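Subject: Structure handover

Hello,

I am passing on the structure we talked about. Please look through it first, then read my notes underneath.

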Amino acid sequence: EALLINYELHQFASSVHSAIERFNLGKRYSPPTQLVSSFVQYLGLCLGGFALLNMIVCLSQAPQNGWETWFSLDYGTKFSKMTSKVRRAKSFDIKKRLIQLKKIVKETKLAVK
C-alpha cells in the first residue's frame, strides 16, 4: 500500500513540476493522460488554472521518518511556487441549469433502457 501511495505522490509531484514549468513559460498546462493513475489525472485537472487549490503538507516528528519528512518539505516547496492566472468563472442561473441537468438525466435513463 505504501509503495502505491508513494508512486502516486511521485506522479503528482511530477505533474506539479511540469505545471510550474508550463506556467513559467506562459503556456497552458494539460495533465498527463497516459501511464498515470486516474487519481493523478483528476488532480492534474486542478492545476490548469480553473480551480482554487490549497495544499497542506503533514510532517512526522519521528526520527525514523526523516526521509518522508524531507520529501514532504520538498514537495511543499515545489507546490508553493505554482501560480497561474486567475480565470473568471462564467455565472449562470442555477435553476435553469438544474432543469437542464434533470432533462439530461431523464434522457440518459430512457436511452439506457
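Keep in mind that this is a predicted model. I start with a single residue: Thr69 counts as buried because its relative accessibility is 17%, and the cut-off for buried is under 20%. Thr69 sits in helix α3. Leaving aside residues up to four places away in sequence, Thr69 touches Leu59 and Ser60.

Now the chain as a whole. There are 4 helices and 0 strands, so the pattern along the sequence reads α-α-α-α, by the definition of helices and strands used here. The chain has 113 residues, and 21% of them count as buried. Its accessible surface comes to about 9700 Å², with 60% of that belonging to carbon and sulfur atoms. If you take the contacts between residues at least 6 apart in sequence, 62% of them join residues at least 24 apart.

Next, the inside. In soluble globular proteins, nonpolar side chains tend to be buried together. The largest nonpolar core here has 12 residues in all, among them Phe12, Val16, Ile20, Leu43, Tyr75 and Phe79. Two helices, α1 (2–24) and α3 (66–80), each supply at least two residues of this core. Helix α1 gives the most to the core, with 6 residues.

Phe12 is a good residue to click on if you want to see this part of the model. Which residues does Phe12 touch, not counting those up to four places away in sequence? They are Val40, Leu43, Gly44, Leu47, Met55, Tyr75 and Phe79. Of these, Leu43, Leu47, Tyr75 and Phe79 are also listed in the core.

Last, the pocket. The largest pocket has a volume of about 520 Å³. It is lined by 19 residues, and the closest to its centre are Asn6, Leu9, Phe71, Ser72 and Tyr75. Tyr75 is therefore a residue to look at twice, as the nonpolar core, a set of buried residues by definition, also includes Tyr75. The elements that give two or more residues to the lining are α1, α2 (38–45) and α3. Helix α3 gives the most to the lining, with 6 residues, whereas α1 gives the most to the core. By class, the lining has 15 nonpolar, 3 polar and 1 charged residues.

Regards

Note on methods
Residues are numbered from 1 along each chain as its sequence is written. This is a predicted model: local features need pLDDT of at least 70, side-chain atom pairs count only at pLDDT 80 or more; totals for chains, interfaces and linings use all residues. Side-chain values use heavy atoms; hydrogens and water are left out. A nonpolar core is a set of buried Ala, Val, Leu, Ile, Met, Phe, Trp, Tyr and Cys residues joined through side-chain atoms within 4.5 Å. Buried means under 20% relative accessible area, exposed over 50%, partly exposed in between (1.4 Å probe, protein chains only). Contact means heavy atoms within 4.5 Å. On a 1 Å grid over the protein atoms alone, a cavity is a set of points where a 1.4 Å probe fits but cannot get out, and a pocket is an open set with protein on both sides within 12 Å along at least five of seven lines; lining residues have an atom within 4 Å of a point. Grid points are joined across faces, edges and corners, and a volume is the space filled by probe spheres set on the points. Ala, Val, Leu, Ile, Met, Phe, Trp, Tyr, Cys and Pro count as nonpolar, Asp, Glu, Lys and Arg as charged, and the others, Gly among them, as polar. Accessible areas come from the Shrake-Rupley method with a 1.4 Å probe; for residues, only the protein chains shown count as cover.
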